[in-house]
Amino acid sequence: MALVTAGCATPAFSAEQVRLTLDGQPVLDAPALQARAEAELSYTLSFGYVARTGGAAASCWFARTGRLFEVDSRLWCGPVQVPGTAAATDWVPVPLKEVERTGSGVRLEVQPPQVPPPGSRSVPVGKLVRTDGREAVADQGVGEAGPDFLAVLPDEGQHVEEASAFVRDDQLEVRVTGYAKPSAWSTDAGELRAEHGVELRVLRLAVTRHGEVDSAFRQTPWRGWLPQPPELSLDVPGRRHRLPADRLPDQGSVLVVFTVAAGGGGAEALVLNTVGAKSLEQRVEVPSGQVVGAAPGVLRRAPGPETTSVSTPVTVGAATGSVEVIRARLGRQRPVAFSDQYELSTAGPGMALLELRLQQHGLPTVVGAWETAKLTAVELPDGSRARFAGARYGGDTVPVAVVFEVPEDVRSVRFSVTAGMATLPQLGTVSVSGGEPGVVALDF
């Protein structure tokens with residue numbers, strides 16, 4: 001690879017004046033170290049781990065750490081952009097290993113590049129310098145975006161065309177609400193343009209994380225796979241970019257600015273991987289919203305509103321009160337209690353899991369929800385009863401939540417508490433009875 005300067009490099013010294021040192025000792029054969037690191041960087045670029053930015057080829061530089069030409073024990077190669085970061089200048093550090101120290105100086109060997117993970121920046125401190133005396137600063141703006149460029153930026157309300165596509169699982173919901181094919185895009189670091197051979201694309205994503213579970217899940221041992229964060233990716237022809245979770249909001253929208261090969265060559269797609277127990281991959285084309293491959297029907301529906309209020313009467317011993325459904329949620333997987341642990345329950349083909357979050361009113365407050373959970377019931381529109389899939393208990397007489405398996409296209413159910421006996425602390429064995437079921441609407 002040819003040694004090409006960065007755009008703002010300045011010829012400060014002649015080659016004869018440069019004497020790079022490490023720990024006060026001259027660095028031997030420094031130009032060869034730069035050339036070797038640039039060869040390593042070319043592989044990093046070709047595999048799409050980083051993207052070019054700026055019109056010139058990326059090159060490798062020493063970083064000055066003090067006065068004169070004392071340098072860091074790494075080379076810094078760039079400018080590049082690490083997919084998933086902002087539209088700013090990133091650098092790939094290349095460690096240098098000491099292999100020999102003589103009276104003439106220190107001899108170093110180039111190690112494999114330390115490519116930052118998606119969404120993580122790596123920037124040298126201080127000025128960059130090459131063996132011919134040229135200097136540059138680390139922050140060089142955005143320049144031109146090359147192949148595999150992908151930036152996740154704050155949504156500041158820029159105009160894009162409306163689009164409609166979505167993908168979700170039980171923890172994360174992402175909707176494509178806008179799409180654009182601009183010739184240039186304005187960022188905080190300057191105007192971004194695509195280099196020859198690629199074109200810019202912009203997606204507006206509305207992100208909602210569904211993380212509501214009771215606090216015991218952070219403290220209680222689990223049986224089998226722990227619920228793991230899902231992984232969201234953007235597929236472009238020939239490349240998959242993972243969108244770093246820490247660059248996405250818990251609730252809000254972001255812009256994803258990326259490049260594709262000029263002239264098309266295939267559709268872009270959002271990919272959501274549910275990780276862990278009974279893993280699942282879902283794909284949806286953007287901006288069309290076309291689902292690619294099979295997807296559980298329940299995950300093509302909304303999970304349900306944040307709150308609802310449906311009550312059914314309940315008598316426990318001598319106390320008469322009610323149980324209120326305060327949220328109904330449809331999904332594919334839900335955590336449920338298993339003995340003294342928790343496990344993740346998964347709906348079968350063509351089915352969904354309905355979680356009903358409960359709150360009791362006018363009933364005794366004793367720890368015995370595992371006794372009353374078995375008396376809760378969900379009746380389907382055809383009159384049959386849904387399979388009880390589990391519960392989460394908490395510290396009251398009724399569970400925090402009950403989970404039932406229902407058909408994935410169900411639009412309403414009837415919830416009630418059936419008659420039976422329950423052995424509760426302090427109260428002993430008491431009778432439990434219910435009344436008129438409450439109708440829980442699921443037409444969302």
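This is a short tour of a predicted model, stop by stop, with what to select at each one.

**Stop 1: the seven-stranded sheet**

Select strands β24, β25, β28, β30, β31, β33 and β34, which belong to an open sheet of seven strands. Read across the sheet, the order is β30-β31-β28-β25-β24-β34-β33, and the pairing is antiparallel. At the edges are β30, residues 387-392, and β33, residues 420-424, each of which pairs on one side only. On average, neighbouring strands here are turned by 35 degrees against each other, direction ignored.

**Stop 2: β24 against β34**

Stay in the sheet and select residues 310-316, strand β24, together with residues 428-434, strand β34. How many bridges join β24 to β34? There are three bridges, and the two strands run antiparallel. For one position in this pairing, show Val316, which stands opposite Val432 in β34. Keep both side chains on display for the next stop.

**Stop 3: the enclosed space**

Rolling a probe the size of a water molecule over the atoms shows where empty space is left. With a cut-off of 30 Å³ or more, the count is one cavity. The largest cavity has a volume of about 80 Å³. Val316 and Val432 are both in its lining. To see the rest of the wall, add Val314, Val323, Leu358, Leu363, Thr372, Thr376, Thr397, Val398, Phe415 and Val417. Which strands each supply at least two residues of this lining? They are β24 and β32, the latter spanning residues 412-417.

**Stop 4: the largest pocket**

Now select Gln171, His210, Gly211, Pro227 and Gln228. Of the 25 residues lining the largest pocket, these five lie nearest its centre. About 460 Å³ of space lies in this pocket. Next add residues 333-338, strand β26, which gives the most to the pocket lining, with three residues.

**Stop 5: a hairpin**

Select residues 184-187 for β15 and residues 190-194 for β16. These strands run antiparallel and are joined by four bridges. The hairpin connects β15 to β16 through two residues. Show Thr187 as well: its bridge partner in β16 is Gly190.

**Stop 6: a patch on the surface**

Finish with Tyr43, Phe47 and Tyr49, shown as a surface. These three residues form a nonpolar patch, with about 380 Å² of accessible area together. Where does Tyr49 lie? Tyr49 is in the loop between α1, residues 30-46, and β4, residues 51-52.

Definitions and conventions
Residues numbered from 1 in each chain as written. Predicted model: local features only at pLDDT ≥ 70, side-chain atom pairs only at ≥ 80, totals over all residues. Heavy atoms only, no water. Pairing = 2+ DSSP bridges. Axes fitted to C-alpha atoms, helices over the stretch in contact; angles between N-to-C directions. Patch = residues over 30% accessible without salt bridge, like charges linked within 9 Å, V, L, I, M, F, W, Y side chains within 5 Å. Areas by Shrake-Rupley, 256 points an atom, 1.4 Å probe, with all protein chains shown as cover. Salt bridge = Lys/Arg side-chain N within 4 Å of Asp/Glu carboxyl O. 1 Å grid on protein atoms, 1.4 Å probe; cavity = no way out; pocket = protein on both sides within 12 Å on 5 of 7 lines; lining within 4 Å. Points joined across faces, edges and corners; volume = space filled by probe spheres on them.
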